[in-house]
There are 2 protein chains.
Amino acid sequence: MTDVARVAGVSHQTVSRVLSDHPNVSAKTRAAVTQVIEQLGYRRNSAARALATRRTHTLGVIAVNTTLHGPASTVAGVQEAARDRGYLTSAVTLRTATQTALAEAMQHLAGWGVEGIVAVTPQRAAVRALAALEAPCPVVTVEGGHTLDLPGVSLDQSLGARMITEHLLASGHATVWHVAGPPDWLESEARTQGWEDALRDAGAEVPPVLRGDWSPLSGYQAGQQLAGRFRTSRGRGTGLTAVFVANDQMALGVLRALREAGLHTPEDVAVAGFDDIPEAEFFPPPLTTIRQDFASIGRDSIGLLLDHIEGRTDESTHLVVAPELIVRASTARRIAPPGT
Amino acid sequence: MTDVARVAGVSHQTVSRVLSDHPNVSAKTRAAVTQVIEQLGYRRNSAARALATRRTHTLGVIAVNTTLHGPASTVAGVQEAARDRGYLTSAVTLRTATQTALAEAMQHLAGWGVEGIVAVTPQRAAVRALAALEAPCPVVTVEGGHTLDLPGVSLDQSLGARMITEHLLASGHATVWHVAGPPDWLESEARTQGWEDALRDAGAEVPPVLRGDWSPLSGYQAGQQLAGRFRTSRGRGTGLTAVFVANDQMALGVLRALREAGLHTPEDVAVAGFDDIPEAEFFPPPLTTIRQDFASIGRDSIGLLLDHIEGRTDESTHLVVAPELIVRASTARRIAPPGT
DNA sequence: GACCGAATTGTTAACGCTAACAAGCGGTAA
DNA sequence: TTACCGCTTGTTAGCGTTAACAATTCGGTC
């Protein structure tokens, strides 16, 4: 900066003013300085800037297992939104969301002076650990539920599950079975809750819940159990004709298991998933599912975080993003519903 | 730090020495200072540290379209490796790899004083743009090929394609058809090259190449064309009995198109993919594919980058990571190969 | 022509840390 | 005893920027 000042024949402070778009700089000086900056390829040192302003303009992102479609898309959405708002993001990826791992990640980010953290923590244990930790800066959770008083953004998982379930009931199924995700995951619990609520509201019987771990393999195993139930439950109130699987990957496994058992989808058993991964449209058959708007989730979480950082609010607001139902062949109508 | 020094009754420099593990500090002082640090919850300011040492210990990651399985896993691998080596990573995700977008991302990172950049640039245009840009710090490419003299790491795409093709030929197919990825992608080109080389080496005829854009939909469209070819090419040298699809997502589309056309996999047409996405094992039928070791790629790229940063080398070495063939039902043997 | 206020520019002192050197303090060898 | 060494600790001066204030310039007014 001193170099630029010398070449342009002004003080370094004037250069600083030009760079910060300060109003009180004459057009002539501004032009001259700008030209010298260009010519010398000068760029200001963010570390020094951070030191002087006590602002780093950096946000941290903590996420678990970012190779899955959901987390990967969420993180991408968050990063994009942060960049649009002029912040650098630094992502730390954890393999497991233990309290120590989370604490370490936070130290790591805090050491770099991040002004806020977006934590993508869909597991109950992770949110609890997060709430227990005393953060060195504002923290916003994504998919962290709203039970603890941390500000956050989530997709309305429960509504999504309800939409799917009601869609299946409306298609003529007496009830809907459910393959849930792992018990510790908030997303999993909310989806199960939405499914159950929808069944109760409709006066349908609530069949026992099967569980998977989000992986296609676990879906496959659940599917094999379902195939067995198909025979034994026939004609009863909980007769197996429709299944809501808690994510698309498991649904793929379920579809394979049903197919191997000689059952047809959707004729014998209708199947629906959740997430709308890019592959879902090409499953055998194309899968009815719920789409999440990851860009919105990213924008909202960054907006919320900046509200806290810039002191516009200190409440722990919880924003909810609406899901979208995508109907495909895997849940084609069984009988004409009333009124059509 | 001044506070810590005052409470511990030493100079701030001694505190600094304790934090930097300087050898010449007495055990007693060290213990006292450590305790005060703990007690006050002090953490040193990285911006000031960066300013004084002229080192930021931050690496940048530039990637395109990180919601796909490949890039997402690569970025995760790179970040993990960087963290293990004590560096903070800052990821910038681009939607498209235009020269301007790349330049902007670099400016963004350079402004934060990153000491090196890992660029995940599988498109030819992106690498070319990268090579044209004068970087403010060492840059290592991942999947950027080795045509331009940038140091980099890649999976041996061409070898993977060769392994797949040879596996199919060994399974009794006279030749192997190919659905390629978009022409500008190096991965796509290397896979096509490996396939073609394997066919030529085996003296098999080289059928015309079909193209997709990595998406399941494009695979589906290619699959429809293939189904048409199945009838017309029957009995000829280029008879369609096996297809190598350049990635698993497209392979899913191909499988669906073939199924809809009444063709059976692998009895009528064997299909193989590339990437080994988690879903591949549950495709109808389970897909033969190539697995990439993303953790190795991450480790190698960070290792290479640090070699450059820390001045251990300035050659543009290009490391290659070996692929792994995963054989599944989609390519079950057609006839017993010689010798079994 | 002196004086005022606004606009523009310059000067100085932080920001929190590390590097380089200086100082103190025992112990050892001449 | 004196000189010198090694270990430990303290002092000072930056690193490159911005904030706060001081100084200068300029156009207009009385």
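User: Before we start, where do the domain bounds come from?
Analyst: This is a predicted model. As for the bounds, they come from an automatic or database domain assignment.

User: Okay, which residues does the assignment give to domain 3 of chain A?
Analyst: Chain A gets split up by the assignment, with domain 1 at 2-44 and domain 2 at 56-155 + 293-322. Domain 3 is also written as two stretches, 157-292 + 325-331.

User: How far apart are the C-alpha centres of domain 1 and domain 3 of chain A?
Analyst: For scale, the C-alpha trace of chain A spans about 90 × 40 × 35 Å along its principal axes. The C-alpha centres of domain 1 and domain 3 of chain A lie apart by 63 Å.

User: Is chain A a compact globule or more spread out?
Analyst: Chain A has twelve helices and twelve strands. For its 340 residues the globule rule gives 20 Å, but the radius of gyration of chain A is 26 Å, well over that, so chain A is more spread out than a compact globule.

User: Over in chain B, are α6(B) and α7(B) parallel, perpendicular or oblique to each other?
Analyst: Helix α6 (residues 99-111) of chain B packs on helix α7 (residues 124-132) of chain B at about 50 degrees, with the axes 9 Å apart. Roughly parallel needs an angle under 35 degrees and roughly perpendicular needs 65 to 115. The two helices are therefore oblique.

User: And how many nonpolar residues does the contact of α6(B) with α7(B) have?
Analyst: From α6(B) come Q99(B), L102(B) and M106(B), and they meet A126(B), A129(B), L130(B) and A132(B) of α7(B). By class, there are no charged residues in this contact and one polar, while the nonpolar count is six.

Notes:
Residues numbered from 1 in each chain as written. Chains lettered and ligands numbered in written order. Predicted model: local features only at pLDDT ≥ 70, side-chain atom pairs only at ≥ 80, totals over all residues. Heavy atoms only, no water. Axes fitted to C-alpha atoms, helices over the stretch in contact; angles between N-to-C directions. Helix = DSSP H or I, 4+ residues; strand = E, 2+ residues; numbered from the N terminus. Parallel < 35°, antiparallel > 145°, perpendicular 65-115°, else oblique. Contact = heavy atoms within 4.5 Å. Nonpolar A, V, L, I, M, F, W, Y, C, P; charged D, E, K, R; others polar. Rg over C-alpha atoms; globule rule 2.2 N^0.38 Å.
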